[in-house]
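Got the viewer open? Here is a short tour, one selection at a time.

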Amino acid sequence: MMRRMALALVVAAMAGCSQDKEVVVVYSPHGPEMLKEAEAGFEAANPGIDVQWLDLASQDVYNRIDAERGSPHADVWWGATSSMFIQAANDGLLEPYKPTWAGAVDAAFRDPQDRWYGMFRSPLAILFNSRKYTKEQVPRTWDALLEPQWKGKITLREPMPSGTLRVFIGAMILRAPDENAGIEWLKRLHESTESYMKQPQLLFDHLKRNPELISVWLAPDAILQRDLNGYPFDYVIPPGTPVTTDGIAIVKGAPHIESARAFYEFVTSPEMLALQARKFGKMPARTDLDPKSLPAWMVEEKIDAMPIDWQLFSAKEQAWMDRWAQEVRGAR
């Protein structure tokens, strides 16, 4: 009860300054730079609506929406892996909505009942500090991460709240001969891991300050941090890499449904997707965009994607994470 009261107080405080406007409340892990950009653009196009957002890790967004079930505060959930959206849809947390561009996304990257749609596709990569290493000097396959010279030189995002690392852990289990073999592989990676960082920004700062370290993260985010924030980052995309689908959805029982639909359409428009691609390195899932509106690297990047059954992945994800927490992280 106390947790629900605290959540209600936070949202009430957010809404207090906008009583004369319609509101749309967005929960998202996309970070303040991208959220502020969307807020400014949407409010300029819709001056009668106030955008209010909370920047949270993907799993924290899920947990919060679940905690608010029956009395939702959020209208739009913008950003998480498809496996999380699949689970949220199965748990009755998402409102069906078919966007105007629904036919421009492959069926594999959206919900058949329109409860969520993919916005971005992001390959996982091995991230490194380009002041220390070149592409030829860092691991070029996932198994190369386990080579002795990288022991104590790997830093990772804390996996439990991170949709990205949850995908990585599940994918490493899936590519193994069986689940137990996958857990053994992850144990070896854990033994080589120097630290787990609580937030992506802490991970980026740690890699910048400690150039001998390498990590696993989304390739587009490496480009974002390099081009927007000046971090000395580069990456290698290993063959057979998992590629995440980053989605968007309207929360079941959204209190501002019309504003939610308007925001949904705005941030998924061709103009905004092109801006998000150029400014934030986001690779659109839509197939109807003009390639000339996208960065050249995005059009030219060749990715050998790991085939993943995301329905199966979603069903097994929490059990895999529980095993990781108990048998891998808990073993040291």
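Start by selecting G92. Setting aside neighbours within four places in sequence, G92 is in contact with R69 and K252. You'll find G92 in the loop between α4 and β4. Is G92 buried or partly exposed? With a relative accessible area of 39%, G92 is partly exposed. Now add D66 to the selection: D66 and G92 are 26 residues apart in sequence, and their C-alpha atoms are 9.3 Å apart in space. Keep in mind along the way that this is a predicted model.

**Zoom out**

Show the whole chain as a cartoon. There are 12 helices and 10 strands in the protein chain. Its radius of gyration is 20 Å, close to the 20 Å that the globule rule gives for 332 residues, so the chain is as compact as a globular protein of that length. Turn it around and you can follow a C-alpha trace spanning about 60 × 50 × 35 Å along its principal axes.

Try colouring by burial next. Of the 332 residues in the protein chain, 55% are buried. Contacts are worth a look too: taking those with a separation of 6 or more, 76% are between residues 24 or more positions apart.

**Two helices that cross**

Select helix α4 (residues 82–90) and helix α12 (residues 310–328). They pack with their axes 9 Å apart, at an angle of about 75°. An angle from 65 to 115 degrees counts as roughly perpendicular, so that is how α4 sits relative to α12. Which residues of α4 and α12 make the contact? On the α4 side, pick S82, S83, M84, I86 and Q87; on the α12 side, pick W310, Q311, F313, S314 and E317. Sorted by class, the contact of α4 with α12 has 4 nonpolar, 5 polar and 1 charged residues.

**Helix α7 and its buried face**

Move on to helix α7 (residues 200–209). Show side chains for L203, F204, H206 and L207, the buried residues of this helix. Now look down the axis of α7: the buried residues fall within an arc of 160°, so they line one face of the helix. An α-helix has 3.6 residues a turn, so residues three or four places apart point the same way.

What do the buried residues of α7 pack against? Highlight β5, β6 (154–157), β7 (193–197), β8 (214–218), α8 and β9 (233–236) to see these partners.

While you're here, click on Q201, which also lies in helix α7. Q201 is partly exposed, with a relative accessible area of 32%. Not counting residues up to four places away in sequence, Q201 touches Q225 and Y231. For a view across the model, draw a line from Q201 to D288: the two are 87 residues apart along the chain, and their C-alpha atoms are separated by 33 Å.

**Helix α10 and its cover**

Next stop: helix α10 (residues 270–280). Its buried residues are M272, L273, A274, Q276, A277 and F280. To see what covers them, bring up elements including α2 (32–45), β3 (76–81), β5 (117–129), α8 (219–229), α9 (257–267) and α11 (296–300).

P270 is found in α10 as well. P270 is partly exposed, with a relative accessible area of 35%. Beyond its neighbours within four places in sequence, P270 is in contact with R286 and L289. Follow the helix out and, just after α10, you reach G281, which takes a positive phi of about 70°.

**A loop residue with a positive phi**

Select D114, in the loop between β4 (94–95) and β5. This residue other than glycine has a positive phi, near 65°. Is D114 buried or exposed? The cut-off for buried is under 20% relative accessible area, and D114, at 18%, counts as buried.

**Last stop: strand β1**

Finish with V26, in strand β1 (residues 22–28). V26 is buried, with a relative accessible area of 1%. Which residues is V26 in contact with, leaving aside its neighbours within four places in sequence? Select V51, Q52, W53, L54, V76, W78 and F263 to see them. For one last line across the model, join V26 to M160: these residues are 134 apart along the chain, with their C-alpha atoms separated by 22 Å.

Technical notes:
Residues numbered from 1 in each chain as written. Predicted model: local features only at pLDDT ≥ 70, side-chain atom pairs only at ≥ 80, totals over all residues. Heavy atoms only, no water. Buried < 20%, exposed > 50% of the residue type's maximum accessible area, 1.4 Å probe, protein only. Helix = DSSP H or I, 4+ residues; strand = E, 2+ residues; numbered from the N terminus. Contact = heavy atoms within 4.5 Å. Axes fitted to C-alpha atoms, helices over the stretch in contact; angles between N-to-C directions. Parallel < 35°, antiparallel > 145°, perpendicular 65-115°, else oblique. Nonpolar A, V, L, I, M, F, W, Y, C, P; charged D, E, K, R; others polar. Arc of directions from axis to C-beta. Rg over C-alpha atoms; globule rule 2.2 N^0.38 Å.
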